[in-house]
Amino acid sequence: MTSFPNATTTLSYSREILRSNVEPYSQRPKTLELSDRIFANRDVRLDRITTLGFDLDFTLALYRIPAYDQLTFELLRNALVDKLGYPAALREIEFDPNFIVRGVVLDKIFGNILKLDMDGNIVVGYHGLTRLSKKQISEIYSGMMIHRDQVGHRYVLMNTSFDIPKAYIFAVVVQHIEGIEDGEKPSVVQYEMLWTDVLKVTGMAHSGSLKSVLLESPEKYTHSGDRLCQLLSRLRESGKKLFLLTNSPWYYTDGVMQYLLSGKLPKFSSWLDYFDVVIVNATKPAFFLERNPFREVNPKTSHMSLAAVNTLERGKVYSYGNLHDFQRMMGVQSGPDVLYVGDHVFSDVMISKKKHGWRTLLIIPELEKDLQSLHSVSDVFSRLAAAKLFKLELWESTDPNDPGCPDLTALKQEVQALKQQLNDGYNLHFGGIFRHGERASFFAMQVGRYADLYTTNVLNLLNYSMNQCFVTHLRMLPHEIVPLAPTLNGNDGDSTSASSFSTTIPLSSPSLGSPLASRASDGTPPSGGLFSFDE
């Protein structure tokens, strides 16, 4: 019979070996806070990355939240009233930064906003600002789930920070329509047309008014670039090529980057000097999928040259382009040589990873709020994991010849209460962006599948060596899990009724996916991925 060593003893022994080999080279003065860390879904070695690319918005340009969302919401709200004739009463509605969370989906047909788990099951639903009951959801959506192939068509993913104000203005307009007296309310509300109108005013804002305000008062809406210049300079000194790849137009890119980088370090006469290549109007994801030619941009006039682009030169600005020609002219040998940093799950991360094998670092500013909430729900998280372990071992110990079933009433009530506590600890409406109860969210599934690394802020790269190897946790499959607690409630081998379940059962296995289950003996969590995406 195989004898498994005590997990604590093995971990302690491994740490002693690690300490004796690594301590002489360690320069880190203290353990990083969770919000300062970079989390890994796949192992990535920075010393093997030859080229780093960056998006602009919510990546290099770190906007101040909720000021940025408030501004965007007001511009969209006023444009709906002034440009498209929506009711003037909408002007009285204020933005609520605590309602929508990143990663929800919007149903264009029924006008609902839904949160999905990793398998597409609907776990929360709202119509406007009104929460849908489980019965209401089941009446609208067969099986209370959405098939993945429908996401992106009828169902629109709110996958970026840009989407938060759009989703909220949609919700408040739906709420307003539902509150109209029957005589004035449309007999059939075309929610898809409402979403089209929201997209229309969003386009208006992003092509003009929003960018104008951001450029007029950058310090009000954008964090300074004091540390950004240090990061880019350090990356260049390590021998890596840097490029900027953004969908933003030249005038806006130049204005923002002037604010962030100009005059910060004497050795760079222009912000363009930080990068080997600068590409604006990239039209991602078309940049990764199509073969549009590069065009050189005149920085003074914003006009584009008709001359063919055969080389990409430092100090010049280019527009459009495609990945095939980019890699050829940059001398990129293979996809894994590139690490691209962006905030958009689809346009920045999914396509570059799936189609071309680039390494990816996803910026998720909202993760910082989830990490703060994580501390307040740590006890609830542990108790929920313990309850799941209790249920597992209870069923594993059930006699197959017993015609009855254990009484799970108390256990189910306890688990349901713990799930609600956990979700409310993150957000009272939709729960956390990465999970719902013990289940990973649809957004978490996407992050786990396509983002090699993820973090709250691009500046967190400054917290690591340029030779850093980001390492994932060992993720055990169900058949590989060895229960570490063979007894329940301290009864040696005795059958225990689920009705006597106690929430004081210790959390025994880190394989349950809890970010708190694998803490070190000093109480600090690991530096790898926070969540298990293979639940």
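# Exercises on a predicted chain

Asp 379 has a relative accessible area of 48% and is therefore partly exposed. That class lies between buried (under 20%) and exposed (over 50%), with a 1.4 Å probe and protein chains only as the basis. The model is predicted: local features need pLDDT of at least 70, side-chain atom pairs count only at pLDDT 80 or more, and totals for chains, interfaces and linings use all residues. Residues are numbered from 1 along each chain as its sequence is written, and side-chain values use heavy atoms, with hydrogens and water left out.

**Exercise 1. Which residue meets Asp 379 in a salt bridge, and in which helix do the two lie?**

Step 1. Apply the criterion: a side-chain nitrogen of Lys or Arg within 4 Å of a carboxyl oxygen of Asp or Glu. The partner is Arg 383, at 3.5 Å from N to O.

Step 2. Place the pair. Both residues belong to helix α13 (residues 378-396), and because they are four residues apart, about one helical turn separates them. Helices here are DSSP runs of H or I with at least four residues, strands are runs of E with at least two, and both are numbered from the N terminus.

Step 3. Check the accessibility of the partner. Arg 383, at 21%, is partly exposed.

**Exercise 2. How many salt bridges are there, and which parts does the pair Asp 55 and Lys 284 tie together?**

Step 1. The count by the rule is 21 salt bridges.

Step 2. In the pair of Asp 55 and Lys 284, the closest N and O atoms are 3.1 Å apart. Asp 55 sits in the loop between β3 and α2, and Lys 284 in the loop between β10 and α9, so this contact ties together parts 229 residues apart in sequence.

Step 3. Asp 55 is buried at 7%, and Lys 284 is buried at 8%.

**Exercise 3. Where do Lys 353 and Asp 452 lie, and are they buried or exposed?**

Step 1. A salt bridge joins Lys 353 and Asp 452, with 2.9 Å between the closest N and O atoms. Lys 353 is in helix α11 (residues 345-356) and Asp 452 in the loop between α15 (442-450) and β17 (453-455), so the parts they tie together are 99 residues apart in sequence.

Step 2. Lys 353 is buried, with a relative accessible area of 19%. Asp 452 is buried as well, at 0%.

**Exercise 4. What is the strand order of the nine-stranded open sheet, and which strands are its edges?**

Step 1. The order is β1-β17-β14-β13-β3-β9-β10-β12-β11, and the pairing is mixed. The edges are β1 (38-40) and β11, each of which pairs on one side only. From one strand to the next the twist averages 25°, where axes are lines fitted to C-alpha atoms, for helices over the stretch in contact, and angles run from 0 to 180 degrees between N-to-C directions.

Step 2. Two strands count as paired if DSSP finds at least two bridges between them. Strand β10 (residues 277-280) is parallel to β12 (residues 317-320), with three bridges. Val 278 has Val 317 as its bridge partner in β12, and Val 280 has Ser 319.

Step 3. Strand β11 (residues 294-297) pairs with β12 in the antiparallel sense over four bridges. Here Glu 296 stands opposite Tyr 318 of β12.

**Exercise 5. Which residues does a cis peptide bond join to Pro 66 and to Pro 285?**

Step 1. Ile 65 is joined to Pro 66 by a cis bond with omega of about 15°. Pro 66 is in the loop between β3 (51-54) and α2 (67-82).

Step 2. Lys 284 is joined to Pro 285 by a cis bond with omega of about 10°. Pro 285 is in the loop between β10 and α9 (286-289).

Step 3. Look for positive phi in the two loops. Phe 58, in the loop between β3 and α2, has phi near 60° although the residue is not glycine; Phe 58 is buried at 2%. Thr 283, in the loop between β10 and α9, has phi near 55° and is partly exposed at 32%.

**Exercise 6. How many disulfides are found, and are Cys 229 and Cys 405 buried or exposed?**

Step 1. With the criterion of cysteine sulfur atoms within 2.5 Å, the search of the whole structure gives zero disulfides.

Step 2. Cys 229 is buried at 3%, while Cys 405 is exposed at 64%.
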